[in-house]
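Here are some notes to read with the model open beside you. They go from the overall picture to a few local spots that deserve a look.

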Amino acid sequence: MSTKKKGGTNNMFPRTPGDVLKLVKEKNIEIIDFRFLDFLGTWQHFSAPPHELDEETFEEGLGFDGSSIRGWQSIHTSDMIVIPDPTTARIDPFCEVPTLAIICDVVDPITREPYSKDPRNIAKKAVAHMKNTGIADTAYFGPELEFFIFDDIRYDQTANSGFYFIDSIEGIWNSGRDERPNLGYKPRHKEGYFPVPPTDNYQDIRSEMIRILEGLGIAVEKHHHEVSTAGQAEIDIRFAPLVEMGDIMMWYKYVCRNVARRHNKTVTFMPKPIFGDNGSGMHTHQSLWKNGEPLFAGNGYAGLSDIAMYYIGGILKHAPALCAFVAPTTNSYKRLVPGYEAPVNLAYSARNRSAAIRIPMYSPSPKSKRIEVRFPDPSCNGYMAFAAMLMAGLDGIENRIDPGEPLDKDIYSLGPEELAGIPSVPGSLEEALKALEKDHEFLLKGDVFTEDVIETWINYKMEREVNPIKLRPVPYEFVLYFDV
């Protein structure tokens, strides 16, 4: 969250419906692609010719079947409407036919009210609630998404078999494979951080990704190989306001996946695809501002203000419930284990990457003062994850929640007695969902998250993810138990 230039998108893109229609004509656009987010965080879309878009479309919207979207409407109330947001219009960099993509909000066709289960609406309501409290007028978020670039991925699960197979030219497990010739240069486990090419096999692919992101108006700070073998990567994007960052995160995933496909490779944001090496996290930088001034800078610990400390207190208090949104898959909890830089212990510290919350100390500027929440991962729905963290932080400020003393030591090196007093994140998605069920009043303030949203999220995750995983044997169980 540097101050070199403003975060997020720039001013080279449409701001009004008129701007969009002008762009369609100037660029000879042949397809308008309307995009919105399903409940879990995947982009959905449908396309139409340009004559179906006019100024009224930005007010009246277009209809679609909401019963076919995960976690949404039942079939007898399936009609829904998307309202295009003109400020989000971007020319799609991957479509052969000239295509303009527009992110949409979802509304009820009868009441014309924003749909309670639309993640973008939840994010907007979180920002509105923040402003209504008078605490701040802007919440900046800067997530660091990690991901893997693989050459091959195969998986299946049937009644009598189950397997997955991942491969990568960079995978250390291929050091002895006959590649005719095998040239080596395969990062060892946990030694993939920052090597230059040829060990870093994906420099040009990541550079292509950031060139396209920048072309979309998304400011990129840097890219690099990450710690794990087999093509783990990170592209850091500059901070932006909460809703805008939700939009950016969707473009980020879209660009990474489609660039990889151009090169006959694939990208996954799955938190823990490889056993025995680091998983992919999404360390999320956050700060609050009001009237153009940073609220997290002060004279306290690590240069933080009281507001920042209370914000930390809110995040730590509600962390188990937050995990249901920020680490929302069963696979997330194969990453959240000690020893792989994943902070399972709920503590805060300056510079310490083994703490759940870190206070970066790169710059003395008050404008750079922020906190970094380290237990989220990139499988999350960004709009809902950011909104939930903001609500937890605001609850901490409103109730002056003391985060306790910092822990300025390597938490992983602590003995059992020292660790006994440090709370930890849930050990499974089921535990996180149970924590959310018990602790979600802070999310209901301002009608940001509704009871219906919380109930649907918990039920969907239990019925479609937690319980199905429980029912299926995994390969390693045969190693352990076949001969019992």
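1. A word on naming before we start: helices (H or I, at least four residues) and strands (E, at least two) are DSSP runs, numbered from the N terminus. With that in hand, you can find aspartate 447 in the loop between helix H11 (441-444) and helix H12 (451-471). Please keep in mind throughout that this is a predicted model.

2. Aspartate 447 is a good place to check the backbone. Its phi is positive, about 60°, although the residue is not a glycine. Is the side of the chain here buried, partly exposed or exposed? With a relative accessible area of 46%, aspartate 447 is partly exposed, because the partly exposed class runs between 20% and 50%.

3. Asparagine 28 makes a nice companion case. This residue, also other than glycine, has a positive phi near 50°. Asparagine 28 sits in the loop between helix H1 (17-26) and strand E1 (31-37). Its relative accessibility is 57%, so asparagine 28 counts as exposed; the cut-off for that class is over 50%.

4. Now the whole protein. The count is 13 helices and 18 strands. The radius of gyration is 23 Å, close to the 23 Å that the globule rule gives for 484 residues, so the protein is as compact as a globular protein of that length. Its C-alpha trace spans about 65 × 60 × 50 Å along the principal axes.

5. On packing and surface, 56% of the 484 residues count as buried. Among contacts with a separation of 6 or more, 70% are between residues 24 or more positions apart. The protein exposes about 21,900 Å², and carbon and sulfur atoms supply 52% of that area. As for charge, there are 52 positive and 68 negative charges, and their mean positions are 4 Å apart.

6. Do have a look at the interior. In soluble globular proteins, nonpolar side chains tend to be buried together. Here the largest nonpolar core has 133 residues, and those with the most contacts inside it are Phe147, Met209, Leu288, Phe375, Leu390 and Phe449. Helix H6 (residues 306-326) gives the largest share of this core, 14 residues. Apart from it lies another core, of five residues, including Phe150, Ile166, Ala230 and Ile274.

7. Which residues does phenylalanine 449 touch, leaving aside its neighbours within four places in sequence? Its contacts are Ile122, Phe325, Met384, Ala387, Ala388, Leu443, Leu444 and Ile454.

8. Two cis peptide bonds are worth selecting. One runs from arginine 180 to proline 181, with omega near 0°; the other joins proline 197 to proline 198, with omega near 10°. Proline 181 is in the loop between strand E9 (162-167) and helix H4 (203-215), and proline 198 lies in the loop between E9 and H4.

9. Finally, try serine 379, in the loop between strand E18 (371-373) and helix H8 (382-398). Serine 379 has a relative accessible area of 21% and is therefore partly exposed; buried would require under 20%. Leaving aside neighbours within four places in sequence, serine 379 is in contact with Lys253, Phe269, Pro271, Pro328, Thr329 and Ser332. Serine 379 and threonine 268 are 111 residues apart in sequence, and their C-alpha atoms are 9.1 Å apart in space.

Conventions. Residues numbered from 1 in each chain as written. Predicted model: local features only at pLDDT ≥ 70, side-chain atom pairs only at ≥ 80, totals over all residues. Heavy atoms only, no water. Rg over C-alpha atoms; globule rule 2.2 N^0.38 Å. Buried < 20%, exposed > 50% of the residue type's maximum accessible area, 1.4 Å probe, protein only. Contact = heavy atoms within 4.5 Å. Areas by Shrake-Rupley, 256 points an atom, 1.4 Å probe, with all protein chains shown as cover. Lys, Arg positive; Asp, Glu negative; His and termini not counted. Charge placed at Lys NZ, Arg CZ, Asp CG, Glu CD. Core = buried A, V, L, I, M, F, W, Y, C linked by side-chain atoms within 4.5 Å.
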